[in-house]
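Let's take a walk through this one together, stopping at a few spots along the chain. Have the viewer open and follow along.

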Amino acid sequence: TVRGVTAFSWARVESPAGQAGAAASDDDAASHARRAHAATAVTTTLLPAGDSVQLQFRVIDAQAGTLLRSLPIARVGANASADELRKAADPLVVTLGFITSPRLGAPTLPSADLPTSEGFRLFESAVSDFSRADTLSRNRMIKSLRDVVAQEPQFAQARLWLGFVYTWFAQTSRRAGGAARTDTVVRWVNEARGHATPFEAALGDFAIAGTREFNEQGLAAARRIISISPNSPIVRTLPTVLLDLNRPREAVTMFEGLIRRMGDSTPAALYVITGEALHFLGDYKAQLDKCRAARRLAPSDQIAIRCEIMARIGLGDTIAVRSLLDELPASSGSDRMFGFAGDAYLIAGQELAAHGYPKFGAEVVNRAVAWFEANDAAVRTSMDVALRKGIALATAGRTREAIVYFKALMPRDTSDSRIRGYLGRLYAEVGDSAALAGELVWLRSRPNEKMQGAPQYEIAAITAHL
């Protein structure tokens with residue numbers, strides 16, 4: 001057990017087995033643990049049963065003296081091998097992994113069966129990846145959770161985490177198979193409701209809210225998750241939900257709190273998203289401070305450079321903007337969603353036009369189009385890159401060309417409502433009412449609630465162009 005627990009990088013055994021002494025009660029065990037400066041106490045009761053021994057493990061909160069978990073009795077042979085003993089102690093190792101993990105904690109202990117220690121390590125690494133903002137970590141996390149769900153069918157909480165992740169990262173909306181995935185998430189949550197812990201119930205409620213569109217119910221579920229498990233990486237979703245609900249001031253307050261709490265360990269991505277929220281509020285000077293903090297941590301990170309570009313545009317510092325735009329081609333951003341220079345040029349061009357620099361903005365949008373045309377391999381392999389190329393063509397005033405481009409793009413993903421929605425906007429712009437009607441019919445046929453409101457959003461965007 002000691003070896004199993006110390007295999008977790010975050011855990012430390014203060015009093016190895018055989019040195020803690022006998023404990024007459026949970027309070028006695030907690031007292032032993034406190035003297036050893038341990039936060040958690042473990043007791044083991046050995047019950048001889050003929051040619052076998054029954055093992056009863058109890059896990060106790062050393063500070064409160066309360067029982068955290070009494071594990072089912074394990075039976076081993078009187079002369080059990082080391083492998084047999086390790087197998088018997090495996091649920092204890094996993095329980096201690098949950099309790100001691102800085103990203104989980106005792107409130108997240110599953111209500112149903114535990115995973116194996118191997119399954120738990122994979123699960124905990126996925127939860128760790130949730131803390132990161134890059135696309136590679138996101139994809140690795142989703143794969144790890146899928147593997148845990150497949151390999152550990154008894155571990156119901158993993159399905160709730162995967163449902164949470166699916167809805168948070170829009171895997172139930174515009175992605176291929178999104179509608180069917182929504183049905184799966186709803187089924188997983190309903191199956192868990194009868195025995196879910198408060199933490200698991202909140203996870204499920206958030207997932208259900210996300211299969212439609214994040215609203216006050218989703219916000220309430222996120223708040224419950226954080227109140228139950230304050231150190232959970234899920235904390236980063238709460239201010240983002242506030243942004244989605246058009247409550248940027250609350251979001252900024254929460255982001256600032258996270259930055260103070262994390263101190264020197266604050267990642268660049270958190271500074272960037274805080275800066276973006278400040279941009280919505282028109283506080284460009286405060287945004288610039290956050291972007292510069294991000295750049296001190298990651299000088300060549302494209303998202304941080306993009307953040308500074310937006311702040312400088314808001315401040316009217318076009319000289320600095322030109323210099324920053326020249327940094328984009330050599331910047332690092334391939335592991336981020338929309339982390340490519342063409343998208344950064346496109347957004348900067350649109351922002352310049354919105355802030356009263358139409359000529360400069362048009363120049364930068366044309367620079368975006370040139371980037372897409374020079375990076376055809378990326379356009380062919382990534383739907384995100386391909387989609388942004390079409391938007392760049394339209395923004396550059398090449399509307400007819402953009403229509404032809406989007407029509408050719410449709411066969412690559414026949415379920416992507418973004419393509420059909422943008423086509424509808426372009427048809428509205430050129431006055432092609434017949435083609436526009438066809439796109440509206442298609443969008444209205446899509447399962448809106450199972451696509452996080454995406455078809456409804458596209459219809460609204462088309463209507464705004466009429």
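**A helix and its cover, then the aromatics**

What covers the buried residues of helix H11 includes three other helices: H10 (237–244), H12 (268–280) and H13 (284–297). Keep in mind that this is a predicted model. H11 itself runs over residues 248–262, which makes 15 residues. From first C-alpha to last, H11 reaches 21 Å, close to the 21 Å expected at 1.5 Å a residue.

So which residues of H11 are buried? They are Pro248, Ala251, Val252, Phe255, Leu258 and Ile259. Look down the axis of H11 and these buried residues fall within an arc of 120°, so they line one face of the helix. Now flip to the face turned away from that buried side: Arg249, Thr253, Arg260 and Arg261 are the exposed residues there. Just after H11 comes glycine 263, with a positive phi of about 55°.

Next, the rings. The count of aromatic pairs comes to 16. One of them is phenylalanine 98 with phenylalanine 120, a tilted pair with 4.9 Å centre to centre and 50° between the planes. The pair links distant parts of the chain, since phenylalanine 98 belongs to helix H3 (residues 82–100) and phenylalanine 120 to helix H4 (residues 117–130), 22 residues apart. Are these two phenylalanines buried or exposed? Both phenylalanine 98 and phenylalanine 120 are buried.

That pair also belongs to something with more members: Phe98 and Phe120 form one aromatic cluster with Phe123, Phe130, Phe155, Trp161, Phe164, Phe199 and Phe206.

Some of those names come back when you look at isoleucine 225, which has its place in helix H9 (residues 216–228). Its relative accessibility is 0%, so isoleucine 225 counts as buried. What does isoleucine 225 touch, leaving aside residues up to four places away in sequence? The contacts are Phe164, Phe199, Ala202, Leu203, Phe206 and Ile234; Phe164, Phe199 and Phe206 are among the members of the aromatic cluster. As for valine 235, it sits ten residues from isoleucine 225 in sequence and 8.1 Å away in space, C-alpha to C-alpha.

One last stop, again with a ring in it. The charged end of arginine 322 sits over the ring of phenylalanine 360, 4.0 Å from the ring centre.

Notes: Residues are numbered from 1 along each chain as its sequence is written. This is a predicted model: local features need pLDDT of at least 70, side-chain atom pairs count only at pLDDT 80 or more; totals for chains, interfaces and linings use all residues. Side-chain values use heavy atoms; hydrogens and water are left out. Helices (H or I, at least four residues) and strands (E, at least two) are DSSP runs, numbered from the N terminus. The expected span of a helix is 1.5 Å times one less than its number of residues. Buried means under 20% relative accessible area, exposed over 50%, partly exposed in between (1.4 Å probe, protein chains only). The arc is that of the directions from the helix axis to the C-beta atoms. Contact means heavy atoms within 4.5 Å. Rings of Phe, Tyr and Trp (its six-membered ring) pair if their centres lie within 6.5 Å; planes under 30 degrees apart count as stacked, over 60 as edge-to-face and the rest as tilted. A charge sits over a ring if NZ of Lys or CZ of Arg is within 6 Å of the ring centre and within 35 degrees of the ring normal.
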